[in-house]
Amino acid sequence: MEKELPKIDLPEDWVIGTGISKELLSLYKNYPVRLKCEIFVLCMSGEVEASVNLNRISVKANDMIALAPGSIIQIHNIEGDLQIYFLGFSSQYIEQAGQSHSILSVIYLTLGHPVIALRPEGARMMEQYLNMLINMYEHFTEKIRKEISPNLYADVHKGISILYQSKGPEKAVLSKSEQICRSFTQLVMQHYNQTRNVAWYAEKLGITHAHLCTTVKQVTGKTCVDIISSMVIMDAKSQLKSTHLSIQDIADSLNFANMSFFGKYFKRYVGMSPLEYRNNG
């Protein structure tokens, strides 16, 4: 299972373990990886600096992080002796079980602050819970593991929601501008591979194009185009490095009119063509 986690998806409905080593994470220092699955991580020792979508994060002892499907991660630095637990649900299970509402709830709760710091006693309790699940996973047959998937999924998401609501920034203190930026970023995460049109996002949010652009720039220091292109480029880089899809197929998956347009777009932001990046980037 150690070698399965960093891949785009997981081989079973759910997988749990402690097999995230420094060597394994180091494989993903040079380029980002996109997750189709959903993964929850508990760090008991060591420290990892990484990017999750548009956020630079640091995960250290007693921290927990939720990585929603579609998250694009890149490792920057690893310190100390890592002791990390992970629990993941495959994209196939999530899609078959119709769990989009739970996923969107987690994306919303963790947007901008995917890491929560637990008290040492809380982290130890979470560690005990995950160890119990590891024992269940190791002793149950795959048939039984599939049968308990719905209850496990529901329990984990309920617990995660409670944790993030109690530990995360209070929604009441978010200004209207911050709420707009949060909603915009959430929409981008869901739809960047369908449209890069800022006006489309403004219409979805029920505000004018100018108001969205001004608000996002004031709050984040970035333009709407910057945020959309960051997601598109991270996805493109991930596919170029971690799949054998043709450049045409990657262009199609990101809804570019043709491969030439995709190539020019990619080179504008990366400084080299998609093929050059795949071979030498």
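Which side chains meet in a salt bridge with an N to O distance of 2.9 Å? The legends below begin with that pair.

**Figure 1. Salt bridge between Arg145 and Glu12 in the predicted model.** The side chains of Arg145 and Glu12 form this salt bridge, at 2.9 Å from N to O. Arg145 belongs to helix H5 (residues 142–167), whereas Glu12 lies in the segment before strand S1 (14–17). The two residues are 133 residues apart, and the pair thereby links distant parts of the chain. A search of the whole structure finds 5 salt bridges.

**Figure 2. Crossing of helices H6 and H9.** Helix H6 spans residues 176–191 and helix H9 spans residues 224–242. Their axes come within 10 Å and cross at roughly 35°, and the crossing is right-handed. On the H6 side, Phe184, Val188 and Met189 make the contact; on the H9 side, Cys224, Ile227, Ile228 and Met231 do so. By class, this contact of H6 with H9 comprises 7 nonpolar residues, with no polar and no charged residues.

**Figure 3. Crossing of helices H6 and H8.** The axes of H6 and H8 come within 9 Å and cross at roughly 100°. The two helices are therefore roughly perpendicular to each other. H6 contributes Ser177, Glu178, Ile180, Cys181 and Phe184 to the contact, and H8 contributes His211, Leu212, Thr215, Val216, Val219 and Thr220. The residues of the contact of H6 with H8 divide into 6 nonpolar, 4 polar and 1 charged. Phe184 of H6 is listed here and also in the contact with H9.

**Figure 4. Crossing of helices H7 and H8.** Helix H7 (residues 198–205) and helix H8 (residues 209–220) have axes that come within 8 Å and cross at roughly 95°. This angle makes H7 roughly perpendicular to H8. Val198, Ala199, Tyr201, Ala202 and Leu205 of H7 meet His209, Leu212 and Cys213 of H8. In the contact of H7 with H8 there are 7 nonpolar residues, 1 polar residue and no charged residues. Leu212 of H8 takes part in this contact and is also listed in the contact with H6.

**Figure 5. Positive phi at Asn62 and Asn255.** Most residues other than glycine have a negative phi. Asn62, which is not a glycine, has a positive phi near 75°. Asn62 is found in the loop between strand S4 (55–59) and strand S5 (63–67). Asn255 is likewise not a glycine, and its phi is positive at about 65°. The place of Asn255 is in the loop between helix H10 (247–253) and helix H11 (259–270).

**Figure 6. Confidence of the prediction along the chain.** The mean pLDDT of the protein is 85, and 87% of its residues reach 70 or more. Among the elements of the protein, H7 has the highest mean pLDDT, at 97, and helix H3 (residues 100–110) has the lowest, at 58. Over residues 1–7 the pLDDT is below 50. In the model, this stretch has 18 contacts beyond near neighbours in sequence.

Notes. Residues numbered from 1 in each chain as written. Predicted model: local features only at pLDDT ≥ 70, side-chain atom pairs only at ≥ 80, totals over all residues. Heavy atoms only, no water. Axes fitted to C-alpha atoms, helices over the stretch in contact; angles between N-to-C directions. Helix = DSSP H or I, 4+ residues; strand = E, 2+ residues; numbered from the N terminus. Left-handed = near helix turned anticlockwise from the far one by under 90°. Contact = heavy atoms within 4.5 Å. Nonpolar A, V, L, I, M, F, W, Y, C, P; charged D, E, K, R; others polar. Parallel < 35°, antiparallel > 145°, perpendicular 65-115°, else oblique. pLDDT = per-residue confidence, 0-100. Salt bridge = Lys/Arg side-chain N within 4 Å of Asp/Glu carboxyl O.
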